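Work through the exercises below with the sequence and the 3D structure at hand. Try each task before reading its solution.

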Amino acid sequence: MAQLVTFDFDDTLTMPYWSDEDGYWTSGSDPNKKTISAMKKFASKGYDVKIVTSRHGTGDHKRTIATFVKKHNLPVKDIIFTNGKWKADTLERLGSVLHYDDDTYEISRIKSKGIKTVHIPHPLD
C-alpha cells in the first residue's frame, strides 16, 4: 500500500489575494504552482495524494474543488471534507504521513498526532 500525502485546498493549493473591497486577504482560485509541483512530485514517486479540506461537502464546494483538480490535472485520489472540523483526527485515520497546510492552528494539532507537516505561508506570514 502506498503512503499517503495530504494537502489542504484553500490558500495551500490556491493563492490568496488581497480584496480592496473587503479590506483583507481572501481565498482565491489561482493555483499555487509551488505546492502543486510538490503534489505532482509525490504522486510521480508512487505516493497516494488526497485533498483534505475543512470546507463543508456541499455541492458547490465539491464542484469548485473537482473543477480545480481537473483544470490543473492534479493526481488526487480523493477529496475529503471535514465539514468545519479540525483535520488532525481525519488525517490520523487516513494514515497521512505528510500534510501541507497554511493554517498554523491546524498544523499544531496535526503535529501533535505525529504527522509531519509543511507550512505554506500566507502573504502576511
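## Exercise 1: Three residues and their surroundings

Thr 6 belongs to strand S1, which covers residues 4–7. The model is a predicted one.

**Task.** Decide whether Thr 6 is buried, partly exposed or exposed.

**Solution.** Step 1: the relative accessibility of Thr 6 is 0%. Step 2: a residue is buried if its relative accessible area is under 20%. Step 3: Thr 6 is therefore buried. Step 4: look at what surrounds Thr 6. Apart from neighbours within four places in sequence, Thr 6 is in contact with Lys 50, Val 52, Leu 91, Ser 96, Leu 98, His 99 and Tyr 100.

**Task.** Do the same for His 72: where does His 72 lie, and is His 72 buried or exposed?

**Solution.** Step 1: His 72 sits in the loop between H2 and S5. Step 2: its relative accessible area is 17%. Step 3: this value is under the 20% limit, so His 72 counts as buried. Step 4: with neighbours within four places in sequence set aside, His 72 has contacts with Pro 31 and Lys 40.

**Task.** Place Gly 23 in the chain and classify its accessibility.

**Solution.** Step 1: Gly 23 is in the loop that lies between strand S2 (17–19) and strand S3 (24–26). Step 2: the relative accessible area of Gly 23 is 41%. Step 3: partly exposed covers the range between 20% and 50%, so Gly 23 is partly exposed. Step 4: from Gly 23 to Lys 116 there are 93 residues in sequence and 34 Å in space, C-alpha to C-alpha.

## Exercise 2: A strand pair and its crossover

**Task.** In which sense do strands S4 and S5 pair, and which element joins them in a β-α-β unit?

**Solution.** Step 1: find S4 at residues 48–53 and S5 at residues 78–81. Step 2: the two strands pair in the parallel sense, over four bridges. Step 3: within this pair, Lys 50 is opposite Asp 78 of S5. Step 4: helix H2, residues 59–71, completes a β-α-β unit with S4 and S5, and the unit is right-handed.

## Exercise 3: The largest pocket

**Task.** Describe the space in the largest pocket and its lining.

**Solution.** Step 1: the space amounts to about 210 Å³. Step 2: 15 residues line the pocket, and Asn 32, Lys 34, Thr 35, Ile 120 and Pro 121 are the closest to its centre. Step 3: helix H1 (33–44) and strand S7 (116–119) each supply at least two lining residues. H1 gives the most, with three. Step 4: sorted by class, the lining has eight nonpolar, five polar and two charged residues.

Definitions and conventions
Residues numbered from 1 in each chain as written. Predicted model: local features only at pLDDT ≥ 70, side-chain atom pairs only at ≥ 80, totals over all residues. Heavy atoms only, no water. 1 Å grid on protein atoms, 1.4 Å probe; cavity = no way out; pocket = protein on both sides within 12 Å on 5 of 7 lines; lining within 4 Å. Points joined across faces, edges and corners; volume = space filled by probe spheres on them. Nonpolar A, V, L, I, M, F, W, Y, C, P; charged D, E, K, R; others polar. Pairing = 2+ DSSP bridges. Right-handed = clockwise from strand over helix to strand, strands pointing away. Buried < 20%, exposed > 50% of the residue type's maximum accessible area, 1.4 Å probe, protein only. Contact = heavy atoms within 4.5 Å.
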